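User: I am new to reading protein structures. Please take me through this one in short steps.

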Amino acid sequence: MSATSVSTTPAHHRIAIVGSGFAGLGAAIKLKQAGIEDFVVLERTGEVGGTWNVNTYPGCQCDIPSHLYSFSFAPNPSWTRTYSLQPEIWEYLRRVCREQGIDPHVRLHHEVLAARWNEDAQAWLIETSAGELTAEMLIAGPGPLAEPKLPEIEGIDTFAGTMFHSAQWNHEHSLLGKRVAVIGTGASSIQFVPHIQPEVSKLHLFQRTPPWVVPHRDRQTSRAERALYRVFPPAQRLVRGLVYCSRELFVFTLMHPREGSLAERAGRKHLREQVPDHELRTKLAPRYRIGCKRTLISNDYYPALQHANVEVVTDSIAAITPHGVLTDDGVERKVDTIILGTGFHVTDMPVAEWVYGRGGRTLEDVWQGSPQAYLGSTVAGFPNLFLLVGPNTGLGHNSIVFMIESQLNYLMDCIAHLDRTGTSVFDVREDVQEHFNEELQRKLDGSVWTSGGCVSWYLDEHGRNSTIWPGSTWPYRRRTRRFHSSDYELRPRPAHERVELAAV
């Protein structure tokens with residue numbers, strides 16, 4: 001065939017899913033179970049797994065109990081720990097992908113560069129690093145902890161040593177005997193710091209705000225437990241339910257914060273017992289209500305900071321120099337390696353930059369730095385777009401997998417309604433979205449996330465909480481149980497054939 005005769009029409013699918021973490025794979029599995037085969041999963045890396053594929057730093061571990069951090073429709077009776085480590089979670093996701101028959105639908109090394117809604121064709125034109133395709137529906141599940149956030153520090157590009165983010169761990173770079181600076185004391189740092197501390201000659205930990213750290217209840221699961229779950233699955237479902245209920249007990253403290261709560265007392269007791277030195281303990285003591293920032297769990301973080309080769313630095317960083325880190329007090333600490341434990345783009349999610357809805361406006365144009373959606377799933381002006389782990393679906397107390405499964409229920413009921421009624425386009429009504437978000441913000445007012453005395457990554461650039469779901473998770477499950485067509489503007493499927501989208 002000659003080059004001039006090759007068709008430039010992009011491949012078409014009914015549904016395109018972006019991302020292959022818990023959200024993307026969960027959507028794929030639900031579609032498969034419903035008998036829908038015309039879908040594709042677009043993954044920018046060379047493996048499925050999302051967050052648990054890219055985060056491979058030493059000590060990487062989930063801070064939600066294993067029984068809750070798995071699909072209810074794909075239980076894992078073989079968890080070896082009550083809080084699973086990264087390799088085991090990653091293997092679980094890869095195994096589920098294989099066993100559920102999702103592998104043939106996955107397109108690796110397909111980074112989505114742009115997705116544009118075409119009104120005439122009633123479809124999305126999706127540009128990826130490996131070519132173009134079209135889809136009637138776009139499900140975006142790139143994950144909130146997928147895009148590393150680099151700090152805006154003067155001179156960061158001048159450092160002559162080795163620098164990397166915790167989510168892009170350089171395993172080829174040995175830390176043995178190195179002088180290391182760790183910037184940030186969030187969830188990743190408190191996990192990897194105890195693992196690298198014995199290797200390095202000097203570790204400077206730059207802390208802006210001390211986190212709340214509470215005791216870790218992790219333990220190995222016994223052979224008897226694993227055998228019971230394999231031969232009698234209801235036992236594992238019972239444990240899952242009990243763990244879920246126990247996590248929900250934290251909601252009241254988060255919605256009605258007060259000094260000296262049981263959780264705060266546990267955190268202060270943990271700090272007091274593990275850090276006898278008064279000066280260091282003062283540096284590490286939080287000065288805001290527990291839960292305002294992400295509450296961390298660790299039994300080895302505080303002990304690691306008390307070794308002679310560790311310095312906790314609370315002076316602000318003025319600049320990064322070619323050979324170290326300069327603080328506001330004029331002291332330059334010479335280091336060979338800088339590890340950035342500075343978190344991710346959450347409220348400024350990158351997906352907002354490349355999704356174009358009606359009128360060619362991006363999500364970023366519409367949101368203006370403050371993401372909003374209806375039920376964290378649909379956005380007015382973006383037809384046939386479904387967000388997984390969208391705005392205000394994050395949690396401070398329970399498993400995000402529960403929220404994902406709730407959204408999947410909503411998604412599948414939406415698709416069933418479209419098929420039942422012959423509808424091709426759904427677009428949430430703007431007044432419905434506005435009313436929902438006004439209600440949501442009213443519930444967040446007075447919660448620990450808005451009045452806890454801290455500035456966290458839960459808040460967007462306007463100081464609005466666009467990350468956390470207020471209160472218990474079961475009301476969200478109830479609200480997403482059914483797709484209510486009255487909340488949407490719906491368009492029937494046209495009698496004529498689909499308009500083809502020419503490649504650009």
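User: Which residue in β12 does F206 stand opposite?

Analyst: This is a predicted model. Strand β9 covers residues 202-206 and runs parallel to β12, with four bridges joining the two. F206 has its opposite residue in β12, and that residue is V313.

User: What is the strand order of the open sheet of five strands?

Analyst: Strands of a sheet pair through backbone hydrogen bonds, either parallel or antiparallel. In this five-stranded sheet the pairing is parallel. The twist from one strand to the next averages 15 degrees. The order is β7-β16-β8-β9-β12.

User: Which strands stand at the edges of that sheet?

Analyst: An edge strand here has a single partner strand, so one side of it is left without a neighbour in the sheet. That holds for two strands, residues 162-165 and residues 310-313. They are β7 and β12.

User: What is the pairing in the open sheet of three strands?

Analyst: The order of this sheet is β13-β14-β15. β13 (317-321) and β15 (332-334) are at the edges, each with a single partner strand, so each has one side without a neighbour in the sheet. The twist averages 20 degrees from one strand to the next. The pairing is antiparallel.

User: Which residue in β14 is the bridge partner of I317?

Analyst: β14 spans residues 324-327. It pairs with β13 in the antiparallel sense over four bridges. The bridge partner of I317 is T327.

User: Which two cysteines does a disulfide join?

Analyst: A disulfide is a covalent bond between the sulfur atoms of two cysteines. The cut-off is a pair of sulfur atoms within 2.5 Å, and by this rule the count comes to one disulfide. Its S to S distance is 2.0 Å. The pair is C292 and C454.

User: How many residues apart in sequence are the parts that this pair ties together?

Analyst: C292 lies in the loop between α9 (278-284) and β11. C454 lies in the loop between α15 (448-451) and α16 (474-479). The link therefore ties together parts that are apart in sequence by 162 residues.

User: Is the link of C292 and C454 left-handed or right-handed?

Analyst: Both cysteines are buried. The angle about the S-S bond is -100 degrees. The link is left-handed.

User: Why is C97 too far for a bond with the closest cysteine sulfur?

Analyst: C97 is buried, with a relative accessible area of 1%. The closest cysteine sulfur is in C62. It is too far for a bond because the distance is 20 Å.

User: How far away is the nearest cysteine sulfur to C62?

Analyst: C62 counts as buried, at 4% relative accessibility. It is in no disulfide. The nearest cysteine sulfur is that of C60, and the distance is 8.9 Å.

User: What is the volume of the largest cavity?

Analyst: Rolling a probe the size of a water molecule over the atoms shows where empty space is left. The structure holds two cavities of 30 Å³ or more. Residues that line the largest one include R14, E136, N384 and R493. By class, its lining has three nonpolar, three polar and three charged residues. Its volume is about 70 Å³.

User: Which element gives the largest share of the lining of the second largest cavity?

Analyst: This cavity has a volume of about 40 Å³. Its lining includes D63, A187 and I190. α4 (187-196) and β11 (296-297) each supply at least two residues. The largest share is three residues, and it comes from α4.

User: Which element gives the most to the lining of the second largest pocket?

Analyst: The volume of this pocket is about 300 Å³. Of the 17 residues that line it, the closest to its centre are V366, V379, A380, E430 and Q433. The elements that give two or more residues are α12 (363-367), β19 (423-428) and α14 (430-444). With three residues, the one that gives the most is α14.

User: How many residues of that pocket lining are charged?

Analyst: The lining divides into three classes. Six residues are nonpolar and four are polar. The number of charged residues is seven.

Conventions. Residues numbered from 1 in each chain as written. Predicted model: local features only at pLDDT ≥ 70, side-chain atom pairs only at ≥ 80, totals over all residues. Heavy atoms only, no water. 1 Å grid on protein atoms, 1.4 Å probe; cavity = no way out; pocket = protein on both sides within 12 Å on 5 of 7 lines; lining within 4 Å. Points joined across faces, edges and corners; volume = space filled by probe spheres on them. Nonpolar A, V, L, I, M, F, W, Y, C, P; charged D, E, K, R; others polar. Pairing = 2+ DSSP bridges. Axes fitted to C-alpha atoms, helices over the stretch in contact; angles between N-to-C directions. Buried < 20%, exposed > 50% of the residue type's maximum accessible area, 1.4 Å probe, protein only.
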